[in-house]
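Biologist: Please take a close look at one part for me: the surroundings of the ligand. Short sentences, please.

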Amino acid sequence: MSAVAIATDVQIVVLSGPSGSGKSTIVRELLRQSPIKLTLSVSATTRPPRQGEVHGKDYYFLSSEEFKQRREHSEFLEFAEVHSTGNWYGTLRSELDRAKSEGAWALLEIDVQGAKSVLEQYPHAISIFLTTSDFEQRLRSRGTESEAVIQQRLATAKSELQSATMYGHQVLNDDLQTAVQQVIEILKTQQPPRS
Ligand code: 5GP
């Protein structure tokens with residue numbers, strides 16, 4: 001068997017949205033509340049861990065060299081340089097296999113470049129773009145990024161908002177519970193994954 005197993009029959013759910021759109025909170029609540037079992041795909045990244053982040057749980061923190069090698073071995077379903085920081089992020093195909101083996105749908109929290117690539121490969125993936133009316137304020141209130149990083153993320157957010165139409169669904173996250181319920185309703189209307 002090749003090192004690259006491709007789980008084509010796992011249902012993929014792609015969730016994107018600008019920094020500050022509350023993606024992480026929505027993801028946490030979805031994992032808790034969704035009646036459809038979801039497995040969060042753990043992305044690989046070359047960015048250094050933030051305080052408290054755990055390898056294998058928050059991300060697979062890889063050196064640039066290892067990321068490149070895995071790219072060359074086609075281990076990624078998608079990958080992208082996010083926020084023009086020189087940091088690479090990607091979804092390992094093995095994460096789809098993991099979701100499949102857990103009998104779950106794979107939830108991918110990725111940027112718009114990654115989403116585009118996934119949708120090209122899996123047109124039946126469920127794609128949801130999250131937005132909010134006060135993302136700048138949320139981004140700032142996190143207090144984890146420098147002003148330069150915030151400016152960069154705001155610029156990315158503006159261009160990401162222009163890509164929102166590529167997604168099958170858009171959900172406004174001004175109220176957490178409402179947004180979570182909307183996402184759950186979207187998931188419930190989709191066909192179960194083929195077995
Ligand atoms: P952060 O560095 O704040 O954890 O994530 C920054 C951005 O990277 C987020 O907007 C997130 O959607 C994106 N991201 C995280 N994992 C992946 C991935 O596997 N692929 C792509 N394309 N983007 C990702």
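**Around the ligand**

Modeller: The ligand is surrounded by 17 residues (a heavy atom within 4 Å). Closest are Ser43, Arg47, Tyr59, Tyr89 and Asp111. This is a predicted model: local features need pLDDT of at least 70, side-chain atom pairs count only at pLDDT 80 or more, and totals for chains, interfaces and linings use all residues. Numbering starts from 1 along each chain as its sequence is written, and side-chain values use heavy atoms, without hydrogens and water.

Now the polar contacts (pairs of N or O atoms within 3.5 Å). Gly90 puts a polar backbone atom 3.1 Å from an oxygen atom of the ligand. Thr91 has a polar side-chain atom 3.4 Å from a ligand oxygen atom. For Arg153, a side-chain N or O atom is 3.2 Å from an oxygen atom of the ligand.

Follow Arg153 outward. In helix 6 (residues 147-161), a DSSP run of H or I with at least four residues, Arg153 is one of the residues that meet helix 5 (heavy atoms within 4.5 Å). The helix 6 side also includes Ile150, Leu154 and Ala157. Helix 5 (residues 135-142) brings Phe135, Glu136, Leu139, Arg140 and Arg142. By class, this contact has six nonpolar, one polar and five charged residues (Asp, Glu, Lys and Arg count as charged).

How do the two helices pack? Their axes, lines fitted to C-alpha atoms over the stretch in contact, are 11 Å apart, at an angle of about 150 degrees. Helix 5 and helix 6 are therefore roughly antiparallel (over 145 degrees). Their crossing is right-handed (the near helix turned clockwise from the far one by less than a right angle).

Technical notes: Polar contact = N/O pair within 3.5 Å; in protein donor to acceptor, adjacent residues only side chain to side chain. Axes fitted to C-alpha atoms, helices over the stretch in contact; angles between N-to-C directions. Parallel < 35°, antiparallel > 145°, perpendicular 65-115°, else oblique.
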